[in-house]
Amino acid sequence: MRIPVTVYSEITPNPSTMKFVANKYILPSGESANFTNQSQTIGYSPLAEELFKFPFVDGVFLAANFVTVTKTDNVSWDFITMELRDFVREWIAECKEILLKSQDPVMEEEEPSVEVPKVEESEYDEKIIALLDQYVRPAVENDGGAIDYVGYSEGKVIVKMKGSCAGCPSSTATLKGGIETLLRQHLPNVQEVVALNQAL
């Protein structure tokens with residue numbers, strides 16, 4: 001069975017990533033998956049597993065209606081964008097499996113060296129999550145990434161950036177200039193926002 005689908009490519013603020021956007025949802029709203037090597041994809045995402053077979057694919061992030069691909073530095077987007085876009089479009093059109101099951105948090109860690117701090121539940125959690133969902137998540141998804149709330153501890157809000165936003169040169173500015181300012185306006189107790197995958 002084939003379904004008609006359109007996929008277009010969109011540049012992101014991160015020069016190493018390209019966003020491939022479909023005109024239909026490929027994952028339920030709020031679901032996302034981040035893979036930084038092929039072994040992480042096995043049993044989780046057949047689409048990501050196949051994408052890693054391209055020699056220039058260095059990372060795959062899946063969300064609502066898009067796939068963000070991170071490439072190696074030795075090849076230009078000019079040479080690979082069309083090939084990747086056609087591959088993603090065909091995969092969706094043929095109704096092949098995209099995500100078999102959600103990742104468990106340990107599996108999702110990009111580097112084992114990044115330890116997720118144990119953060120107690122706080123009275124601010126719900127308010128912070130609501131603010132991130134309303135104001136931050138749409139913008140971050142627009143750039144081909146995602147943001148996960150990890151926790152709040154002693155004035156510090158800890159988040160995890162995924163997809164294009166992980167390792168993006170402008171994501172630090174987004175964190176400090178945008179997210180931190182927003183949260184501090186609404187919650188005076190928030191002093192700073194830090195990302196797990198950037199230096200804490």
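The exercises below, each with a worked solution, concern a predicted model of a protein.

**Exercise 1. The overall inventory**

Determine how many helices and strands the protein holds, and in what pattern they follow one another along the sequence.

Solution. Begin with the count, which gives 6 helices and 8 strands in the protein. Next, read along the sequence, where the pattern is β-β-β-α-α-β-β-α-α-α-β-β-α-β. Then turn to burial: of the 200 residues of the protein, 47% count as buried. Finally, consider the contacts with a separation of 6 or more, of which 63% are made by residues 24 or more positions apart.

**Exercise 2. The sheet of 5 strands**

Work out the order of the 5 strands in their open sheet, and find which strands stand at its edges.

Solution. The first step is the order, which is S1-S2-S5-S4-S3, with antiparallel pairing. The second step is to look for strands that pair on one side only, and these edge strands are strand S1 (7-11) and strand S3 (33-35). The third step concerns the twist, since neighbouring strands of this sheet are turned by 20° against each other on average, direction ignored. As a last step, take one pair of strands in detail: strand S4 (residues 57-63) and strand S5 (residues 66-71) run antiparallel and are joined by 6 bridges. Within this pairing, Ala 63 has Phe 66 in S5 as its bridge partner. Phe 66 also has a charge over its ring, for Lys 19 lies over its face at 4.7 Å from the ring centre.

**Exercise 3. The surroundings of Thr 12**

Decide whether Thr 12 is buried or exposed, and list which residues surround it.

Solution. First locate the residue: Thr 12 lies in the loop between S1 and strand S2 (17-22). Then compare its relative accessible area with the cut-off: Thr 12 has a value of 11%, and because buried means under 20%, Thr 12 counts as buried. Now look at its polar partners, beginning with the backbone oxygen of Asn 14, which lies 2.9 Å from a polar atom of the side chain of Thr 12. A further polar contact, at 2.6 Å, joins the side chain of Thr 12 to the side chain of Thr 17. To complete the list, leave aside the neighbours within four places in sequence, and the residues in contact with Thr 12 are Thr 17, Met 18, Lys 19, Asp 143 and Ser 164.

**Exercise 4. The sheet of 3 strands**

Explain why strand S6 and strand S8 each have one side without a neighbour in the sheet, and find which helix packs on this sheet.

Solution. Start from the order of this open sheet, which is S6-S7-S8, with mixed pairing. Strand S6 (145-153) and strand S8 (192-195) stand at the edges and have a single partner strand each, so one side of each is left without a neighbour in the sheet. From one strand to the next, the twist averages 30°. Then examine S6 and strand S7 (residues 156-163), which run antiparallel and are joined by 8 bridges; here Gly 151 stands opposite Ile 158 in S7. The helix asked for is helix H5 (residues 125-142), which packs on the sheet by touching S6 and S7, and whose direction makes about 160° with that of S6.

**Exercise 5. Aromatic rings**

Find what kind of aromatic pair Phe 87 and Trp 91 form.

Solution. The structure holds 5 aromatic pairs. In the pair of Phe 87 and Trp 91, the rings are 5.8 Å apart centre to centre with 35° between the planes, and the pair is tilted. Both residues lie in helix H3 (residues 77-93), where they are 4 residues apart, about one turn of the helix. As for accessibility, Phe 87 counts as partly exposed at 21%, whereas Trp 91 is buried at 9%. Lastly, ring pairs link Phe 54, Phe 56, Phe 87 and Trp 91 into a cluster.

**Exercise 6. Leu 182 in its helix**

Establish which residues are in contact with Leu 182, leaving aside its neighbours within four places in sequence.

Solution. Place the residue first: Leu 182 belongs to helix H6 (residues 171-186), and Leu 182 is buried, with a relative accessible area of 14%. The contacts asked for are with Leu 131, Tyr 135 and Val 136. A separate comparison takes Leu 182 with Ile 128, which are 54 residues apart in sequence and 10.0 Å apart in space, C-alpha to C-alpha.

Terms used: Residues are numbered from 1 along each chain as its sequence is written. This is a predicted model: local features need pLDDT of at least 70, side-chain atom pairs count only at pLDDT 80 or more; totals for chains, interfaces and linings use all residues. Side-chain values use heavy atoms; hydrogens and water are left out. Two strands pair if DSSP finds at least two bridges between them. Helices (H or I, at least four residues) and strands (E, at least two) are DSSP runs, numbered from the N terminus. Axes are lines fitted to C-alpha atoms, for helices over the stretch in contact, and angles run from 0 to 180 degrees between N-to-C directions. Buried means under 20% relative accessible area, exposed over 50%, partly exposed in between (1.4 Å probe, protein chains only). A polar contact is a pair of N or O atoms within 3.5 Å; within protein, one must be able to donate a hydrogen and the other to accept it, and residues adjacent in sequence count only if both atoms are side-chain atoms. Contact means heavy atoms within 4.5 Å. Rings of Phe, Tyr and Trp (its six-membered ring) pair if their centres lie within 6.5 Å; planes under 30 degrees apart count as stacked, over 60 as edge-to-face and the rest as tilted. A charge sits over a ring if NZ of Lys or CZ of Arg is within 6 Å of the ring centre and within 35 degrees of the ring normal.
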